[in-house]
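Hi,

Here's the structure I promised to pass along. Have a look at it first, and then read on for what turned up.

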Amino acid sequence: TTFTANVSEDYTVVVTDPLDATTCNETSLPVTVIINPSPTAEIETTDLEYCAGETGVTLEATAVAGATYSWKAVSDDSEQSTTNPSSLLLAGDYYVDVTLSGCTETSAEVTVIENELPLSTIEDGATFCSENLSTEELTVTMTEGDLPFTVTYTDAANLSQILNITSGTTGSITGLTTGDYTLTKVTDANGCYTDLTETSTI
């Protein structure tokens, strides 16, 4: 005969002789059953993206005193880290097993994303005619990254300027004068940036 205990308390069993239930019975010593609560397994990290060239992100689960943590890749269930927060993790899908007093709870999955670095080029201004500079534009073309873009460049007077590209893949530098225009940095919507030395000479 079996009995399932689902409440933490002391239990005994009474064995009775079916032929003499009044006098023929025996009571066992008590045993204490402890039902351990399942630990919380919840990933709290919300910033799950990093830029190419960086070393990944750390994931953090809700802290549970005395618990152990096993961060695993969804692709093959391989263990990636046993600390909370985790060690640095690269792009992929992950979950964490949280174990406390022999009870294990598994979190929902999260996806870590690697964002590419933004890149841009600047049009060659060598063919512009000096008498038409007031109507000419230098085209800056984005080749990588996500909108919107902030492009930093130095103008012909070697002054730092900003070009914002909020739609499409190109932007224009106007008000041109003879000299060098150099792209120095481009940043995209993900906060990823690339330092540049792209120069166009007018």
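Before the hairpin, a word on terms: strands here are DSSP runs of E at least two residues long, numbered from the N terminus, and two of them count as paired if DSSP finds at least two bridges between them. Also keep in mind that this is a predicted model.

Now the hairpin itself. Strands β16 and β17 make it, with five residues between them. The two strands run antiparallel, and seven bridges join β16, residues 180–187, to β17, residues 193–201. If you want a spot to orient yourself, L183 sits opposite E198 in β17. In the turn, take a look at G191, which has a positive phi of about 80 degrees.

The loop between β16 and β17 also holds one half of a disulfide. Searching the whole structure gives one such link: C51 with C192, the sulfur atoms 2.0 Å apart. The pair ties together distant parts of the chain, since C51 is in strand β5 (residues 49–51) while C192 is in that loop, 141 residues away. The angle about the S-S bond is -95 degrees, making the link left-handed. Are these two cysteines buried or exposed? Both C51 and C192 are buried. C24, on the other hand, counts as partly exposed because its relative accessible area is 32%, and the cut-off for buried is under 20%.

Two aspartates are worth a click as well.

D180 lies in strand β16. Its relative accessibility is 39%, so D180 is classed as partly exposed. Its side chain makes a polar contact of 2.6 Å with that of T201. Leaving out residues up to four places away in sequence, D180 touches T154, D155, A156, T199, S200 and T201. As for C24, its C-alpha atom is 107 Å from that of D180, with the two positions 156 residues apart along the chain.

D97 is in strand β8, residues 92–100. Why is D97 called buried? Because its relative accessibility is 12%, and anything under 20% is buried. Which side chains does D97 meet through polar contacts? One is K72, at 3.1 Å, and another is T106, at 2.6 Å. Beyond its neighbours within four places in sequence, D97 is in contact with T68, Y69, S70, K72, T104, E105 and T106.

Cheers

How values were computed
Residues are numbered from 1 along each chain as its sequence is written. This is a predicted model: local features need pLDDT of at least 70, side-chain atom pairs count only at pLDDT 80 or more; totals for chains, interfaces and linings use all residues. Side-chain values use heavy atoms; hydrogens and water are left out. Helices (H or I, at least four residues) and strands (E, at least two) are DSSP runs, numbered from the N terminus. Buried means under 20% relative accessible area, exposed over 50%, partly exposed in between (1.4 Å probe, protein chains only). Contact means heavy atoms within 4.5 Å. A polar contact is a pair of N or O atoms within 3.5 Å; within protein, one must be able to donate a hydrogen and the other to accept it, and residues adjacent in sequence count only if both atoms are side-chain atoms. A disulfide is a pair of cysteine sulfur atoms within 2.5 Å.
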